[in-house]
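Hi everyone, thanks for coming. Today I'd like to walk you through one protein chain, slowly and from the outside in. Have the picture open while I talk.

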Amino acid sequence: MFLTEAHRTLLTERTDSGATVYALVRTAAYTYTDGVLLDVGGSYIPTALTFEFSGDGVYTLSEYWLPGDGSYFAPSIREKFPESVQTDAISNLAFAEELSIAALRSAQRRFGITDFTPPEVTAARPPELAVGSAPDWAEYFRVTDDADGEISLENAYVWDVMVDLSAAGRYPLQISVQDRSGNQTRAEFEIAVK
Ligand SMILES: [Ca+2]
């Protein structure tokens, strides 16, 4: 098991007696078995660290603040974080993505992995279905990777709950997949039911 961390500082507020650092912190745990890097857990959480300046350049951590759970999450951040960084702390998915990749890169470095290119998902045939059909998505989509070659759709997560095969319409379908090196792709398609 390899544990790693990536963070992004949103704001540092200094006072006469110390400083508070408002940051987004991503932790992640990986296993690397038989050449397969797997993300086996972690967290992504806004954090406020307060340091007291005690002279001679020494800062002591006086508070490690974490937001409340569930419905307390956003209100607790609005109470603690300065207004200018509240939105980024609560809902900026771009930072979540950036920090996930940073954590992944550190695990890849740790295990000497050099494949940083995620797999590609392509439509093998036009995603058009007849009302009432029962599709095998493996006939419709192909996953290929620069290092792994062809990846079976069985190793991908096909999110098709929005596709209503009982009624004509156009519906979104997502496919998430990762290669052996832990690089992830999420591809979106539109399924036409006629
Ligand atoms: Ca790859």
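I'll start with the whole chain, then take its two parts in turn. One thing to keep in mind is that this is a predicted model.

Let's begin with the overall layout. The protein chain has 3 helices and 11 strands. If you read along the sequence, the pattern is β-β-β-β-α-α-α-β-β-β-β-β-β-β. Its radius of gyration is 22 Å, well over the 16 Å that the globule rule gives for 194 residues, so the chain is more spread out than a compact globule. You can also put a box around the C-alpha trace: along the principal axes, it spans about 70 × 40 × 20 Å. As for burial, 20% of the 194 residues count as buried. And if we take contacts between residues at least 6 apart in sequence, 52% of them join residues at least 24 apart.

Now, how is the chain divided? The domain assignment gives domain 1, residues 2–110, and domain 2, residues 120–193. The C-alpha centres of these domains lie 34 Å apart.

Let's visit domain 1. Please find strand 1, residues 2–14, which pairs with strand 2 in the antiparallel sense over 12 bridges. One pair to look for is Thr4, whose bridge partner in strand 2 is Ala28. Between strand 1 and strand 2 there is a hairpin, made through 3 residues.

Strand 2 then pairs with strand 3, again in the antiparallel sense, and here we have 16 bridges. Thr31, for example, has Leu38 in strand 3 as its bridge partner. These strands form a hairpin too, with 2 residues between them.

Stay at that turn for a moment, and look at Asp34. What is unusual about the phi of Asp34, given that it is not a glycine? Its phi is positive, at about 50°. Asp34 sits in the loop between strand 2 (18–33) and strand 3 (36–53). Is Asp34 buried or exposed? Asp34 has 5 other C-beta atoms within 10 Å, and a residue with 12 or fewer counts as exposed, so Asp34 is exposed.

From the surface, let's go inside. In soluble globular proteins, nonpolar side chains tend to be buried together. In our chain, the largest nonpolar core has 16 residues, and those with the most contacts inside it are Tyr22, Phe81, Ala89, Ala103 and Ala107. Strand 1, strand 2, strand 3 and helix 3 (93–110) each supply at least two residues of this core.

Tyr22 is a good one to click on. Which residues is Tyr22 in contact with, leaving aside its neighbours within four places in sequence? They are Leu10, Leu11, Ala48, Phe81, Pro82, Val85 and Ala89. Apart from this core lies another, of 9 residues, among them Tyr140, Ile151, Ala156 and Val177.

That brings us to domain 2, and I'd like to start with strand 7. In a regular strand the side chains alternate between the two faces of the sheet. Strand 7, residues 141–145, shows this nicely: Phe141, Val143 and Asp145 point to one face and are buried, while Arg142 and Thr144 point to the other and are not.

Who are the neighbours of strand 7? Strand 5, residues 120–123, pairs with strand 7 in the antiparallel sense over 4 bridges, and Glu120 stands opposite Thr144. Strand 8, residues 149–151, also runs antiparallel to strand 7, joined by 3 bridges. Asp145 has Gly149 in strand 8 as its bridge partner. Strand 7 and strand 8 form a hairpin with 3 residues between them.

Next, look at Arg125, in the loop between strand 5 and strand 6. Arg125 is exposed, with 9 other C-beta atoms within 10 Å. Arg125 and Phe141 are 16 residues apart in sequence, and their C-alpha atoms are 7.4 Å apart in space.

Our last stop is an open sheet of 4 strands, with the order 6-11-10-9 and mixed pairing. Strand 6 (128–129) and strand 9 (157–159) stand at the edges, each with a single partner strand, so one side of each is left without a neighbour in the sheet. Within the sheet, strand 10 (residues 169–178) and strand 11 (residues 184–193) run antiparallel, joined by 10 bridges. To see one pair there, find Arg170, which stands opposite Ala192 in strand 11.

That's the tour. Thanks for listening!

Definitions and conventions. Residues numbered from 1 in each chain as written. Predicted model: local features only at pLDDT ≥ 70, side-chain atom pairs only at ≥ 80, totals over all residues. Domains from an automatic or database assignment. Pairing = 2+ DSSP bridges. Rg over C-alpha atoms; globule rule 2.2 N^0.38 Å. Contact = placed C-beta atoms within 7 Å. Core = buried A, V, L, I, M, F, W, Y, C linked by C-beta atoms within 7 Å.
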